[in-house]
Amino acid sequence: VFLAVKRWAGQDVIEAFASPLNTLAGSGLYHSAFPDVDVPFGSRGSFFGASFIEGVVEINPPFDEDVVRRVSRFCRRSLEEAAMSNKNLIFFLVLPETDW
């Protein structure tokens, strides 16, 4: 999914939930769960601590209902801020089919 999003966007894409071992975005273009150990390897830190105003972000979070709801709230706030700033911000959210 990530590589398809990157081809579609035609630009660098931020990867929201990755690690130094599995990032497809590369150093400086991903967020991870353990910033204390991952920042030296190129992580931008926690996704939830980030500020997104423009760009393209691919989000493939842990498939946990509480995390997904938190991601949803975070994305909504970010999209509202981007709209107020007249910036283009796109989130691609990857989720399994579920009964939540």
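Contact is taken here to mean heavy atoms within 4.5 Å. The structure is a predicted model, in which local features need pLDDT of at least 70 and side-chain atom pairs count only at pLDDT 80 or more, while totals for chains, interfaces and linings use all residues. Residues are numbered from 1 along each chain as its sequence is written, and side-chain values use heavy atoms, with hydrogens and water left out.

**Exercise 1.** Determine which residues D38 is in contact with, leaving aside its neighbours within four places in sequence, and whether D38 is buried or exposed.

Solution. Begin by placing D38 in helix α2, residues 35-38, where helices are DSSP runs of H or I with at least four residues and strands are runs of E with at least two, numbered from the N terminus. With those sequence neighbours set aside, D38 is in contact with P20, Y30, S32 and S43. D38 is buried, that is, under 20% relative accessible area, with exposed meaning over 50% and partly exposed in between (1.4 Å probe, protein chains only). D38 nevertheless has no salt bridge, defined as a side-chain nitrogen of Lys or Arg within 4 Å of a carboxyl oxygen of Asp or Glu. The nearest side chain of opposite charge, R44, is 13 Å away.

**Exercise 2.** Explain why strand β1 is largely enclosed, and find its bridge partners.

Solution. Because four of the five residues of β1 (residues 14-18) are buried, the strand is largely enclosed by the rest of the structure. Two bridges, the minimum for pairing under DSSP, join β1 to the parallel strand β3 (residues 55-59), where V57 is the partner of I14. Two bridges also join β1 to β2 (residues 30-32), again running parallel, and there Y30 is the partner of E15.

Notes
Lys, Arg positive; Asp, Glu negative; His and termini not counted.
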